[in-house]
Each structure stands twice: as C-alpha cells, then as structure tokens.
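Student: I would like to go through this structure and ask how each label is earned. Please show it first.

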Amino acid sequence: MSEGVYVTGIGLLAPNGAGLEQHWAATLAGRSGIATLSRFDVSRYPVRLAGQVDDFDAARHLPSRLLPQTDISTQLALVAADWALADAQIDEGFFADYDTGVVTSNATGGFEFTHREFRKLWTRGAAAVSVYESFAWFYAVNTGQISIRNRFRGPSSALVAEQAGGLDAIGHARRTIRRGTPMVVTGGVDSALDPWGWVAQIASGRLSTATDAHRAYRPFDVDACGYVPGEGGAILVLETASAAAARGARQVYGEIAGYATTFDPPPGSPRPPGLRRAAESALADAGLTPDQVDVVFADASGVPELDRAEAAAISGLFGPFAVPVTAPKALTGRMYSGGGPVDVADALLSIRDGVIPPTPGTAEVPEDYRIDLVRGVPRHREVTTALVLARGRWGFNSAVVVRAVPGPRTPAPRRPQQQQERT
Amino acid sequence: MSRMTVDDLRRVLVECAGEADGEALTADRQDRDFEEFGYDSLALMETAARIEAEYGVRVPEERMAELRTPREVLDLVNDALVRTS
C-alpha cells in the first residue's frame with residue numbers, strides 16, 4: 001500500500017475571508033462575501049453580484065518586481081502559497097529543491113491583466129503591450145511563479161478543467177508525491193472580475209441575475225437560479241507521511257485518501273453523467289464504502305437541472321437522505337479552480353473541529369432530491385471522512401476523499417492564521 | 001529631446017518592472033550589472049519598448065540583451081539623441 005499523502009499547510013483567500021481562519025469563522029457564522037461587483041460600473045450588466053476578495057493589496061505581500069508581471073489571480077495564488085508554506089512551517093532547506101513540486105489549476109487565466117494590455121494594443125499599438133503579457137495571461141503561470149519564488153524545482157504542472165480543475169490538481173499532486181517527490185504545493189486560484197472576464201462568465205448562461213445578495217446563489221433550493229461567481233482559492237502543502245513525521249510537522253490536517261475524475265458522455269447520450277462514477281471511483285481509491293463517509297461537499301451548481309443531477313448522484317450512491325450534504329461556497333460564489341481546494345480546506349477543518357458548515361440561503365430543497373442538505377446553522381458531529389465533488393463546464397467531474405489521519409491528531413491552534421508577510 | 005538621465009532610467013525601470021531588489025539605481029551605481037538590481041532580460045525588453053515610446057530611440061532586443069549596465073543603456077540612448085538632434 002502506498003504511503004499516506006498528508007495536508008500540512010493551507011493558505012486561503014476567499015471573498016468571505018482572506019486567511020484560512022478568517023474564512024472558516026465567516027463560513028460557520030454564515031457571513032457572505034457576495035456583494036455588488038465594485039471593480040467597475042456593473043449597473044448596465046445583466047449580472048451584478050460577485051464574491052470579491054476585498055482589501056487585498058498585493059503590494060503589501062509581494063515584492064515590487066512581481067507586481068508589473070502578474071495578474072491579480074497570480075498575486076492571490078502567490079500569497080496563498082506563501083501563507084500555506086508559513087502555515088506548514090517548512091524550514092528552508094529541509095527539502096532539496098528538486099524534491100519539491102508545484103501542481104496548480106487555473107480556469108480563466110489572467111483576464112484583468114490581458115484586458116489592460118489589449119486596450120493598449122487597440123489604442124496605442126503593439127509596441128505598448130507589456131512583454132509580460134507573454135506569460136501573465138497563461139493558465140500555467142501560477143505554477144511557474146510559485147515555483148520560481150520558492151525555488152521548487154521538482155516535477156510541476158498545471159491542470160485546466162473549469163471548476164473541477166482544483167480537485168484534479170490535488171489528485172495529480174498526490175500522484176506526483178507517490179512517484180517520488182516528497183513535497184508538492186497544490187491547489188487553484190482564479191479571478192476574472194474585469195469587464196472582459198465578466199462578460200465571458202455571463203456568456204455561460206449559468207450566472208444568477210438576481211440582485212439580492214442573500215438570495216442570488218441558493219444551490220439545491222426550489223428557487224435556485226444559477227450561481228454567483230467568486231474569486232480566490234486555496235493552496236495546500238502536501239507531503240508524505242514520513243516527511244511530515246521526520247520534520248515534526250506542527251499539524252496534519254488530514255490525508256488526501258482518494259481521488260478520481262471522469263468525463264460526461266456527449267449531449268444526447270443515453271449514458272448517465274459521470275459525477276457518480278467519479279465519486280464511486282474516489283471512494284474505491286480510498287478503500288472506503290459509502291457508509292464510511294461523514295459529509296459530502298457538493299459541487300452545488302445552483303442551476304436547477306445540474307442540482308437535480310448531482311442530488312441524484314449523491315442519493316443514488318449513498319441512499320436517500322443517508323449522508324449530510326453541504327455547500328458553503330454559497331457564501332463565496334463559485335471560484336472555478338479555487339472552488340475545489342477551498343472545499344477541501346473546509347472539509348479538513350470540519351474534521352479538525354467536528355462541525356459541518358451549513359449551506360446558507362437555501363431554504364427549501366425539493367423533496368425528490370432526497371438529500372440531507374445541512375441548512376441554517378452548522379451541524380456539530382465528529383467528521384472522520386469527507387467527500388468533495390466538483391464539476392467543470394463541458395463535462396468534467398472530479399472527486400477527492402479526505403480523511404482524518406490515523407492515530408492521535410495534533411490539535412491545531414484556534415487562533416487566527418498568521419498572515420506572514422514576506423517580501 | 002533632452003538627454004536621458006539616471007533618474008529617468010530608474011523611473012522607466014520601476015514603471016516597467018518594479019523596484020530593484022536591493023539598492024536603488026543612482027548615479028554612483030550606474031556601472032553595476034542589471035542583475036545586481038534584480039532586472040532580468042524581460043525587464044530590459046520592457047524597458048527598451050518604453051524608451052522607444054518616450055525618447056524615439058529604438059533599441060533592438062538583441063542589442064538590449066548585450067547591454068549589461070545602466071551606463072551602457074544611457075550612452076546608447078544619448079548618443080542616438082545627439083545624432084538625431
């Protein structure tokens with residue numbers, strides 16, 4: 001049997017909290033980060049609500065040299081990686097540079113940066129376009145910049161699968177560790193809240209046009225009406241159980257115990273969507289049966305037919321009303337590649353604190369969904385194993401199983417995360 | 001067009017590529033290698049484009065890559081400005 005892959009550090013920036021503990025406290029208290037998009041005037045757009053990471057000043061956290069060459073999505077990713085490494089307290093030099101890798105996901109690239117450079121292109125000509133546009137737009141740039149900044153020179157990669165990609169990154173990071181790289185930084189971050197990124201998101205037809213921030217994104221509700229997009233994500237430090245033990249890791253949040261991904265059949269096919277098969281395969285990968293799962297963090301699209309399909313997958317696999325299901329992303333909006341890693345972080349904190357965060361806003365779930373959606377207030381109960389689901393537009397389905405580490409757990413401090421600034 | 005000074009070059013570098021990693025570029029440091037300030041080849045490409053836009057002096061990419069110090073860049077730009085004035 002392969003050695004366990006442990007999560008020993010988390011860095012997270014979400015619309016309802018920039019910092020893991022700030023986000024978690026807000027999530028349990030039901031504090032939302034969804035509000036009218038303020039980066040530009042959205043009054044004439046059909047969609048106006050977004051989850052924004054407010055008060056994020058990249059210059060406070062990153063060296064000046066990095067600012068002209070990075071989109072806000074990369075700045076968020078670099079800071080999340082810094083915080084994850086600080087949280088894991090990995091001493092410089094403990095791992096050789098080729099023993100450390102970076103595997104991230106990104107769904108939308110550097111929209112805001114590229115929009116700014118395109119504007120220069122059509123107003124001032126090609127010579128005015130920044131040379132940094134050559135990579136600042138690119139899906140792989142977060143992996144590259146995290147690698148360069150931290151001198152992680154081992155196997156590294158980038159995965160793109162819309163909202164499912166963040167889980168794919170975590171799964172591939174685990175695979176990378178099992179192939180012999182003891183420590184891998186992984187996760188996903190996205191941001192596309194400039195006018196160009198905004199219309200690109202609206203074009204999906206899945207965004208909520210509601211204007212009441214508390215009622216716009218209500219996954220699994222009888223009145224579900226699409227989703228609100230958000231920005232942000234999470235970066236995790238993954239390492240082998242033996243590396244974590246050898247360096248006396250101050251905390252182990254849990255184990256990445258299982259992972260699987262599937263692709264949907266083409267539209268019109270009689271075959272069912274692939275989400276249930278992804279969940280079954282991830283459980284099989286973890287060596288678990290459905291009755292051993294304590295909570296499911298749902299993809300929670302908010303689009304009624306997609307909610308119905310996910311509910312069918314969950315109730316079909318676990319049985320009707322057999323497992324608590326939750327979607328705290330209703331407080332942040334869907335963060336694309338950031339959504340899965342933030343759900344994994346929330347699942348790990350559910351294990352740590354023995355509490356399942358609720359799905360805020362959702363009031364009435366159609367009876368025929370046959371799921372036990374945690375609503376209103378957190379549900380206190382021991383959590384040992386959690387299943388995290390994510391779907392990406394155009395057919396991606398991914399599932400990750402996280403599990404409490406065997407043996408005595410190191411209790412993590414409940415103080416706010418140190419937002420260590422490193423320049 | 002007036003001459004390009006060390007202060008001008010520092011401003012352009014900061015606008016294009018951010019503040020230097022260590023000590024700021026000043027007149028007494030204009031013979032240091034760009035690497036000592038943390039500026040890589042992309043930073044200098046960006047700077048060359050900005051110099052052309054502001055001063056009308058074209059510094060080809062391959063020529064820019066050969067210039068190691070701020071003084072070499074200033075000499076090239078100012079020689080060209082003198083020739084065209």
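Student: In what order do the elements of chain B run from the N terminus?
Tutor: In this predicted model, the elements of chain B run α-α-α-α-α. That matches a count of five helices and zero strands.

Student: Why is chain B called as compact as a globular protein of that length?
Tutor: Chain B has a radius of gyration of 12 Å, and the globule rule gives 12 Å for 85 residues; the two are close, so the description applies. Along its principal axes, the C-alpha trace of chain B spans about 35 × 25 × 20 Å.

Student: What share of chain B is buried?
Tutor: Buried residues are 29% of the 85 residues in chain B. As for contacts in chain B between residues at least 6 apart in sequence, 56% join residues at least 24 apart.

Student: How many helices and strands does chain A have?
Tutor: Chain A has twelve helices and 16 strands. Its radius of gyration is 20 Å, close to the 22 Å that the globule rule gives for 423 residues, so chain A is also described as being as compact as a globular protein of that length. The C-alpha atoms of chain A fill a box of roughly 60 × 55 × 45 Å along the principal axes. Of the 423 residues of chain A, 60% count as buried.

Student: How do you know how confident the predictor is in chain A?
Tutor: The average pLDDT of chain A is 95, and 96% of the residues score at least 70. Over residues 413-423 of chain A, however, pLDDT stays under 50. The model has 19 contacts beyond four places in sequence for that stretch.

Student: What makes A:Arg218 buried or exposed?
Tutor: The cut-off for buried is 20 or more other C-beta atoms within 10 Å. A:Arg218 has 28, so it is buried. A:Arg218 sits in the loop between α8 (195-202) and β8 (232-240) of chain A. Not counting residues up to four places away in sequence, A:Arg218 touches several residues, including A:Asp223, A:Gly302 and A:Thr362. The C-alpha atoms of A:Arg218 and A:Val365 are separated by 9.9 Å, although the two residues are 147 apart along the chain.

Student: What is notable about phi in A:Ala300 and in A:Phe321?
Tutor: Most residues other than glycine have a negative phi. Phi of A:Ala300 is near 55 degrees, a positive value. A:Phe321 also has a positive phi, near 55 degrees.

Student: Where are these two residues, and is each of them buried or partly exposed?
Tutor: A:Ala300 is in the loop between β10 (295-297) and α11 (304-318) of chain A. With 30 C-beta neighbours inside 10 Å, against a cut-off of 20, A:Ala300 counts as buried. A:Phe321 is in the loop between α11 and β11 (324-326) of chain A. A:Phe321 has 13 other C-beta atoms within 10 Å. Exposed requires 12 or fewer and buried requires 20 or more, so A:Phe321 is partly exposed.

Student: Which domains does the assignment give for chain A, and how many residues of each are in contact with the other?
Tutor: The assignment gives domain 1 (5-246) and domain 2 (260-403). Their centres, taken over C-alpha atoms, are separated by 21 Å. In chain A, 58 residues of domain 1 are in contact with 55 residues of domain 2. On the domain 1 side, α7(A) gives the most, with six residues. The residues of that side divide into 27 nonpolar, 22 polar and nine charged.

Student: How do you know where the largest nonpolar core lies?
Tutor: The largest nonpolar core has 124 residues, and A:Ala80 is among those with the most contacts inside it. Helix α3 (residues 72-88) of chain A supplies the largest share, eleven residues. Domain 1 and domain 2 of chain A both give residues to this core, so it lies between them. A second, separate core has 25 residues, among them B:Met4 and B:Tyr39.

Student: How many residues of chain A are in contact with chain B?
Tutor: Ten residues of chain A are in contact with twelve residues of chain B. The chain A side of this contact has seven nonpolar, two polar and one charged residues.

Terms used: Residues are numbered from 1 along each chain as its sequence is written. Chains are lettered from A and ligands numbered from 1 in the order in which they are written. This is a predicted model: local features need pLDDT of at least 70, side-chain atom pairs count only at pLDDT 80 or more; totals for chains, interfaces and linings use all residues. Two residues are in contact if their C-beta atoms, placed from the backbone, lie within 7 Å. Ala, Val, Leu, Ile, Met, Phe, Trp, Tyr, Cys and Pro count as nonpolar, Asp, Glu, Lys and Arg as charged, and the others, Gly among them, as polar. Helices (H or I, at least four residues) and strands (E, at least two) are DSSP runs, numbered from the N terminus. The radius of gyration is taken over C-alpha atoms; the globule rule is 2.2 Å times the number of residues to the power 0.38. A nonpolar core is a set of buried Ala, Val, Leu, Ile, Met, Phe, Trp, Tyr and Cys residues joined through C-beta atoms within 7 Å. Domain bounds come from an automatic or database domain assignment. pLDDT is the predictor's confidence in each residue, from 0 to 100.
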